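The following exercises concern the fold of one protein chain. Please work through each task with the structure in view before reading its solution.

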Amino acid sequence: MATNVQSIGAGVSETWLSFRFELLKHLKRRRLFIVAGLAIVIPLLFYIYYYKEHPTAADNFASTSLALMNILVLISAAMFAGDAICGEFEKKTSLLLFSTPQKRSSIFAGKFVAALMATFLVVSLYYLVLTLQIGQLFGWGNVPAELGKSFAAALIYSTAAVSIVFFVSSILKRSMSATIVGLLALLMILPIIVMIITLLNHEPWYIVTYSAGLITSVLGGSSGFGPGQHGNVMRQFTPTFAKGIAVMAAYAVVALAAGMAIAVRKED
Amino acid sequence: MEYAIRTENLAKTFGKTFKALDGVSLNIKRGEVVGYVGPNGAGKTTTIKILTGLIRPTSGHAYVNSIDVAARPRDALRTIGALIEVPGVYDYLTPHEILTYFGRVYGMRRDLIDRRIEETLELVRLPDWEHKKTGTFSTGMLRRLAIAKAILHKPDILILDEPVLGLDPKGILEVRELLRQFRSEGMTVFLSSHLLSEVAEVCDSVIFLDKGKVISSDSIESIGQRMDHGVVAVRFLRPLSPQDTERLRSIDLIKSIDVKNSTVRLHYDGKPESSVKILRLLVSLNLDVVSFANEGVGLEDYYVSVMSDEKGVN
């Protein structure tokens, strides 16, 4: 019993060390600054190039400004988690890192948490800037309550996206491949599958990128596919909040567990 | 006896058929400096990767300070310092940042980490580079930084895999000097190398590995004695006169001589007692002996002979 407690304590301590080291690496590589910069600039650009031309209501402004949140989450996940596992093997830093008295699972857990926290920071910055804008433009009383639900959905989607890229990083050998495959999967492949399933008149509730539509749909924005331009009517689906959150959480847990299981067994 | 490093029938198979290690058993005593020698692909790095927890053996066990590395890696690796192959470094970080992290991994206090960083960087001659990004470092400097990381926590056992690979002659000399220092400090050093001169210079004993199997192991001293082929090279103050040469030929213990300027190679029966008697006789003949050295066969020749034997067996 005491040995188990000691082992858990050592694991937590190692994860904390690995987390701090990863954050230092993100800061030193300036990746965190770059993505955080995007999180501040993008909502400002929406204000300058969209709102000034098309003044609208607060919730509509919020959902339009969040249209790019999905892409920002993916960029962040790819940048912070893409090389988390395969990068150590590719650059041979694994020879320094894994020959030390710490469990690989702790090292990778620290890496995952660091990538997740960095992505959370980016998402939070985006919502902070957006909230300030809404407060300034429409008055603080008009900040939509659904913005909180949208923020919660964005955080859960961030967790799923980081987990999926983390999993890709565990199965591929090159950081660049992991980053590109992770981005392609979440940005193109899964959305295409969602589109095909929707065209077949089924709700793709089990696809994580469909659930990510919650980020804007809770504010009344579009999340799926509507009537076609040429008059062909296509049914529009909108994810329900509870189911969407559950699906994203499931993707996060499964991808993380699979990524960790592969990573700890990976050999040079 | 408790060994610093011990392996029992260590085997590692990659894929379904490639046996990188095939029943390797090693016993390395505390304070020993042991060379691990073999051709490329012999299984040296695989052994070292198992000893440092980087890969798991297919069968067999590896122990460090009597702790099974695969079963208790945290405990086993705490007392090891390792330099494996050519490790990568985080080129956007400084030696201070990298070593601080590893110091924390080994559970060192902040003040101790700072002190050890200073000491180790001084030892590997990188004190002025502590706060510079490693992306600007040469291969030799990176290798020395990796050695600093390996000794940061003052390990009992140092495992080095080809520590001079890619270094220039000055770098090789510096690493060799470091190894001598570690030996004088009583550290157990397990050194994999394909440079036999390096092994002969710094190691107490040597283990020869080929195709995943240990084919020979012995102390450097006894290899030297075993390979003594009965020739002593004597250098005199000046070239010998024909009369002096004849006096040499007349010594019973000497079978034949080769004369080249002031150096004469004397062939005898190879026994140490005979060597002593010959030296005494030379001095008694009033020949001005400058040096008198047994011409043993080098480690390279021994290596070739054991590898040839192995091929013959196969």
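**Exercise 1: A residue pair within the sheet**

Determine which residue of β9(B) is the bridge partner of G35(B).

Solution. In this predicted model, G35(B) has V206(B) as its bridge partner in β9(B). The next step is to place the pair in its strands. Strand β3 of chain B covers residues 33-37, and strand β9 of chain B covers residues 205-210. The two strands pair in the parallel sense, over 4 bridges.

**Exercise 2: The sheet and its edges**

State the strand order of the open sheet in chain B, and explain why one side of β6 and of β10 is left without a neighbour in the sheet.

Solution. The open sheet has 6 strands, arranged as β6-β7-β8-β3-β9-β10 (chain B), with mixed pairing. In chain B, β6 (80-83) and β10 (213-219) stand at the edges; each has a single partner strand, so one side of each lacks a neighbour in the sheet. On average, neighbouring strands of this sheet are turned by 15° against each other, direction ignored.

**Exercise 3: A helix across the sheet**

Identify the strands across which helix α5 of chain B lies.

Solution. Helix α5, residues 139-151 of chain B, lies across β6 and β7 (157-161) of chain B. Relative to β6(B), the helix runs at about 165°.

**Exercise 4: The chain as a whole**

Describe the secondary structure content and the burial of chain B.

Solution. Chain B contains 11 helices and 14 strands. Of its 314 residues, 39% are buried. Its C-alpha atoms fill a box of roughly 75 × 50 × 35 Å, taken along the principal axes.

Note on methods:
Residues numbered from 1 in each chain as written. Chains lettered and ligands numbered in written order. Predicted model: local features only at pLDDT ≥ 70, side-chain atom pairs only at ≥ 80, totals over all residues. Buried ≥ 20, exposed ≤ 12 C-beta atoms within 10 Å, placed from the backbone. Pairing = 2+ DSSP bridges. Axes fitted to C-alpha atoms, helices over the stretch in contact; angles between N-to-C directions. Contact = placed C-beta atoms within 7 Å.
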